[in-house]
Amino acid sequence: MQYADYLTASLGDMQQALAQRRVSARQLTTFALQRIADVDQPRYNAISWLFADDALATAAASDAARQQNAPVGPLAGIPLLIKDNIEVKGWPTSAGSALLRDVIASEDAPLVTALRQAGAILIGKTTMHELAAGITGASSLSGFTHNAWQQGRSPGGSSSGSAVAVAAGFVPLAIGSDTAGSVRIPAAFNGLFGLRMTRGALSSAGIVPLSPTQDIPGPLVRHAADLRLISEILTGQRFSRPDRPLRIGIWQEGFAAEETEINQAVQDAVAPFQPRMLSWPQLETLAAEANIIAYEFADALAAWLADKSQAPLRTLAAIAASGRYHPQLEATFKIRAQHPGMQSDGYREVQLRQQRLYQQLAQFFQQQQIDLLAYPVVRHPPVKHGELQPGSNALISAVTGAPAISIPVGLSTEGLPIGLELLALRDREDVLLKAAEQIEQAHPPFNRAAPAL
């Protein structure tokens, strides 16, 4: 495998090349580091922390194990990046905040432990929307990350750098986290597959919390098969491929009438499934009313900061009062710092709303006899830096705990990716993964590596 091949290779390609000794872990890691050195600054700004020496040492150990025919994990020798709100022992966990740049993790998050056990080569951490509290990639630590397809446009967030790093060919896999769309939105905006699994399927321990109820880590990849591979590695289970045809409904209220390109791309992608147009006018409002982030953010962050001696401030209120954050976060931080929080009467009511909404969702799927509900991940294209992003549909999955997937379905005339979201009922990742594979096969994709520089 050569450097040019590495930029678009799948996890499966790399697994095969390593097994056949056509490439070494050190070579793959060197390719990743070279690509980052060549193009990340100033074009992408996707890397917050890079640990080349650690990565090369791990790669050398991986190569030695393979040469000795010792057992190796399914990700052995494959470089990856991880979002900067996930704890990696000995590395900063700054979560996109300049205030937290000196907070060093004392332990690996369970997710990181699983990746290491699988043999992955962790090379560094990716930029993100500050404290994961937004979807445009604004950060006091790193500024804005650029969309992989168009500089100056939003990459989505909060897992901004993770998505851009995969789209730009740094690594074949990056890990983000999703609280209200933070994996699926950047996947959509950068032409990737991104998966939010069923609530509780992956541990959120060791992740700087935005909302413990809704937080969950998730993968970003260029190929549908890679999404199945990494999902099975992280969960330790195999996802079947249902034999019968999948039944898809299109949520008609999930579209913006004026966005004809997005609407057409999404509907064309699911057309082979012979979908039915379905109406649920109240769904967006019900999801917004069930969003629990505002109740949990300040309390959960304070609990995480309580034992972080390197952090100069320990509460969201103190951070809001300091003014030491990206200007785009001002309203969010100040409003949520004053929220009544998890001890309020409203908190229990929102928990009940989430339970009721999932029950309604399950009834809707049963009544309409569908396996999946389809709509754009975001109704509008990525905004320019400094603007607020309208039109996300990603909250539905987050508040119901149901799994959802972002699937790339084409490019607009502006050259920006368009993402389809499919929503399933809990524990039905199998139908999401099957649909992603079928859509990818039926619609030969645009080149999933962003334009080479």
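# Surface, cores and odd backbones: worked exercises

The chain's accessible surface comes to about 16,600 Å², and carbon and sulfur atoms own 49% of that. Areas here are from the Shrake-Rupley method with a 1.4 Å probe, and for residues only the protein chains shown count as cover.

You're looking at a predicted model, where local features need pLDDT of at least 70, side-chain atom pairs count only at pLDDT 80 or more, and totals for chains, interfaces and linings use all residues. Residues are numbered from 1 along each chain as its sequence is written, and side-chain values use heavy atoms, with hydrogens and water left out.

**Exercise 1. Work out how the chain is built overall and why it counts as compact as a globular protein of its length.**

Step 1: start with secondary structure. The chain has 16 helices and 11 strands; these are DSSP runs numbered from the N terminus, with helices being H or I of at least four residues and strands E of at least two.

Step 2: check the radius of gyration. It is 21 Å, close to the 22 Å from the globule rule for 453 residues, so the chain is as compact as a globular protein of that length. The radius is taken over C-alpha atoms, and the rule is 2.2 Å times the number of residues to the power 0.38.

Step 3: box it. Along the principal axes, the C-alpha atoms fill roughly 60 × 55 × 40 Å.

Step 4: look at burial and contacts. Of the 453 residues, 61% count as buried (under 20% relative accessible area; exposed is over 50%, partly exposed in between, with a 1.4 Å probe and protein chains only). Take the contacts, meaning heavy atoms within 4.5 Å, between residues at least 6 apart in sequence: 75% of them join residues at least 24 apart.

**Exercise 2. How many positive and negative side chains are there, and how far apart are the centres of the two sets?**

Step 1: count. There are 36 positive and 40 negative side chains, with Lys and Arg as positive, Asp and Glu as negative, and His and the chain ends not counted.

Step 2: place the charges at NZ of Lys, CZ of Arg, CG of Asp or CD of Glu. The two centres then lie 3 Å apart.

**Exercise 3. Which residues have the most contacts inside the largest nonpolar core?**

Step 1: define the object. A nonpolar core is a set of buried Ala, Val, Leu, Ile, Met, Phe, Trp, Tyr and Cys residues joined through side-chain atoms within 4.5 Å.

Step 2: pick out the hubs. The largest core has 95 residues, and Leu 115, Phe 170, Val 171, Leu 420 and Leu 422 have the most contacts inside it. Helix α3 (residues 25–44) gives this core its largest share, 7 residues.

Step 3: zoom in on Val 171. Beyond four places in sequence, its partners include Tyr 6, Ala 32, Pro 79, Ile 123 and Arg 222. Another core, of 26 residues, lies apart from the largest one, and Ile 293, Ile 319, Ala 320 and Phe 333 are among its members.

**Exercise 4. Are Ala 424 and Asp 427 buried or exposed?**

Step 1: locate the pair. Ala 424 lies in the loop between β11 (417–423) and α16 (429–442), and Asp 427 lies in the loop between β11 and α16 too.

Step 2: read the accessibility. Ala 424 is at 0%, so it counts as buried; Asp 427 is at 60%, so it counts as exposed.

Step 3: add details. Leaving out residues up to four places away, Ala 424 touches Phe 365, Asp 371, Leu 372, Ala 402, Pro 403, Val 431 and Leu 432. Asp 427 isn't a glycine, yet its phi is positive, about 65 degrees.

**Exercise 5. Where does Arg 184 lie, and what does it contact?**

Step 1: Arg 184 is in helix α7 (residues 184–190).

Step 2: its relative accessibility is 0%, so this arginine counts as buried.

Step 3: past its four nearest places in sequence, Arg 184 contacts residues including Asp 178, Arg 196 and Glu 421.

**Exercise 6. Find the cis peptide bonds joining Gln 41 to Pro 42 and Gly 157 to Ser 158, then examine Gln 369.**

Step 1: between Gln 41 and Pro 42, omega is about 0 degrees, and Pro 42 lies in helix α3.

Step 2: between Gly 157 and Ser 158, omega is about 10 degrees. Ser 158 sits in the loop between β3 (121–126) and α6 (160–167).

Step 3: Gln 369, in the loop between α14 (345–368) and β9 (372–376), has a positive phi near 55 degrees. At 55% relative accessibility, Gln 369 counts as exposed.
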